[in-house]
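Here's a quick look at how the two parts of this protein sit against each other. Have the coordinates open while you read.

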Amino acid sequence: GPLWERPLLEVRLGELHTWISTWEFSPQGLLGVAQKAWNSYYAKYINVRKGGPAGISMLLAGCCLLSYSWNYQYFRRHRWRKYH
């Protein structure tokens, strides 16, 4: 198929720069990419016939990691100030 329709894992290393240049970096294009990623995640982990807590727990773990990475500098400084 066309290069812009291929997922990342099917793109060869030599085609990577061309594949990235086909992206649309406008707000509408980025919103479309986020919506496509959410639909893919939802179909694979949440909207399944015999679902378990795995999909929701992965989402919560991702939120925790994202929050920690945003606050890492504060936590790092706080560690040194804690006992001094």
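Let's start with the interface: domain 1 and domain 2 bury about 360 Å² between them, and 74% of that area is on carbon and sulfur atoms. On the domain 1 side, the residues that lose the most area to domain 2 are Tyr-41, Tyr-45 and Ile-46, which together make up 89% of what that side buries. Keep in mind that this is a predicted model.

As for the layout, domain 1 covers residues 1-47 and domain 2 covers 51-79. Their C-alpha centres are 24 Å apart, and the contact draws on four residues from domain 1 and four residues from domain 2.

What about polar links? The salt-bridge rule finds zero across this interface, while one residue pair is in polar contact, both at pLDDT 80 or more. The residues of domain 1 that touch domain 2 split into four nonpolar, no polar and no charged.

Here are the interface counts together:

| Item between domain 1 and domain 2 | Count |
|---|---|
| Salt bridges | zero salt bridges |
| Polar contacts | one residue pair |

Now for domain 2's stretch of the chain. An unreviewed UniProt entry lists residues 54-72 as "transmembrane region". In the model, residues 54-72 are 95% helix and 0% strand, with 26 Å between the end C-alpha atoms.

Definitions and conventions: Residues numbered from 1 in each chain as written. Predicted model: local features only at pLDDT ≥ 70, side-chain atom pairs only at ≥ 80, totals over all residues. Heavy atoms only, no water. Domains from an automatic or database assignment. Contact = heavy atoms within 4.5 Å. Buried area = accessible area lost by both parts, 1.4 Å probe. Salt bridge = Lys/Arg side-chain N within 4 Å of Asp/Glu carboxyl O. Polar contact = N/O pair within 3.5 Å; in protein donor to acceptor, adjacent residues only side chain to side chain. Nonpolar A, V, L, I, M, F, W, Y, C, P; charged D, E, K, R; others polar. UniProt positions renumbered as here; feature names shortened; annotations may be inferred. Helix = DSSP H or I, 4+ residues; strand = E, 2+ residues; numbered from the N terminus.
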